[in-house]
Amino acid sequence: MSWVREAFAVFEKEVRSEWRTRVALSSVALFAVGALTLIGLALYIGQGPTGPQTAAALIWVLLFFTAATGLGRAYVIEEERGTALALRLTARGTTVWAGKFAANALLLLLLALMATPALLSLLKVKTANPALLACVLMLGCVGIAAVFTMTSALVAQATAKGGLLAALSFPMLVPLLVAAVHGTNAALGVGNAAGAFAAGLGDVQVLASYAVIAITASLMLIDFVWNEG
Amino acid sequence: MALVTAAAFLYLPAAQGFMSPEMARILAFHLPNAMVVIIAAVASGYYAFRYLAKGRSLLDDARSKVAASLATLFCVLTTVTGMVFAQVQWGAAWNWDPKQTCIFILLLIYAAYFVLRSGIEDPEKRAAVAAVYVLFAAVMTPMLGYVVPKYMAPLSLHPKQASLSPEYHSVVWSFTAGLIGLYAWLHNIAFRQERLRLALLTAEAED
């Protein structure tokens, strides 16, 4: 099988087995709803005015922690079910990574698609440039999914899985989160009242290069972990 | 080492051009520590690479781990001396200066590295996973060098060109040489301890 078809087969398998139970999907959705409720309540009690800067920061904190709850399962679940060996026999490490990464990215994009408008309307923040916001969210989600898929493969080999995933991923995601928050600010009109796309172009470039680097590094390193299990 | 430490207090003149010229002597400790962090981090990455690429020798894994633990130690020392100096020089111990941010994230990475190691029992699996994490971090973190100055503080509070008297140059560089020596010595001791532990484990396994 060609590399692309093999990766696509893994992706299809991921989506199908997820759709059967919908564990990751529902846990991510419930986590996001809980977090949004908490944010709404906390800001309602505080009664302070919340600006677009608060919204931009909260979007990425929400996405990071929701990703930490949902995306870590990618490799862990194979070890738990005992299906890792079968997968190892039928597919290459890089295609397994690519398929799982695509499924994770899809899940995170779906989440961003639902949570971001909800959060923005909750905080009554207007979007100055929706196209820029979409670009930043998409590239940011792809980068987060790449890093979490990689660290998930590392964590799957360890005993304490829960907290470890966020601890391993956070230091590496700092460049992405900084650029993403900056880009989201630009899209929400902070220092960019006209909503020009150019104001966030640098951030989009940083996010895109981050995603490319994360994907390349993962594809180069994944075989060393995958063949270890 | 003792000579240079004494020299830092007795021989160094108070550096002019700083908020507190007397306190600036801490530079003689701060700068060399930061240089040793870089050396230790590179060593840890190099041995991780060698473990994966050449022969999968657990000794290389032990070298990588020892270098990482020493990098953590010198990272803490650099951060603490830096914070003391920042409190005096810039008015606050923490300013989110680019270099402060980077060294803090380096600390977080090493902390996560050791948690990851302690979570895996099988030595060979642990070695491979830890090596992959070190290399992945080594690829992803250089972006900080571009991103952090771009967004957080366009102008670093750290001086680019410090005008220090020649006494500083000699003391800082001799202290750096001394600290590198200390690092090599600690690395050697800790590595031999790890090697003995490995030998003990294999001997037990054979019994």
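**Fold of chain A and its contact with chain B**

In the predicted model, contacts within chain A that join residues at least 6 apart in sequence are made up, to 86%, of pairs at least 24 apart. These contacts belong to a chain in which 9 helices and 0 strands are assigned, so that, because only runs of helix or strand are counted as elements, the order read from the N terminus is α-α-α-α-α-α-α-α-α.

The overall dimensions of chain A were examined next. For 229 residues, a compact globule would be expected to have a radius of gyration near 17 Å, and the value of 18 Å computed for chain A agrees with this expectation. Along the principal axes, the C-alpha trace of chain A extends over about 55 × 35 × 30 Å, and 49% of the 229 residues of the chain count as buried.

Chain A also touches chain B, in a contact to which chain A gives 26 residues and chain B gives 25 residues. On the side of chain A, the elements that supply two or more residues are α7 (130-155), α8 (162-187) and α9 (201-226). Of these helices, α8(A) provides the largest share of the side that touches chain B, with 11 residues. In composition, the residues on this side of chain A comprise 22 nonpolar, 3 polar and 1 charged.

Definitions and conventions. Residues are numbered from 1 along each chain as its sequence is written. Chains are lettered from A and ligands numbered from 1 in the order in which they are written. This is a predicted model: local features need pLDDT of at least 70, side-chain atom pairs count only at pLDDT 80 or more; totals for chains, interfaces and linings use all residues. Two residues are in contact if their C-beta atoms, placed from the backbone, lie within 7 Å. Helices (H or I, at least four residues) and strands (E, at least two) are DSSP runs, numbered from the N terminus. Ala, Val, Leu, Ile, Met, Phe, Trp, Tyr, Cys and Pro count as nonpolar, Asp, Glu, Lys and Arg as charged, and the others, Gly among them, as polar. The radius of gyration is taken over C-alpha atoms; the globule rule is 2.2 Å times the number of residues to the power 0.38. A residue is buried if 20 or more other C-beta atoms lie within 10 Å of its own, exposed if 12 or fewer, and partly exposed in between; C-beta atoms are placed from the backbone.
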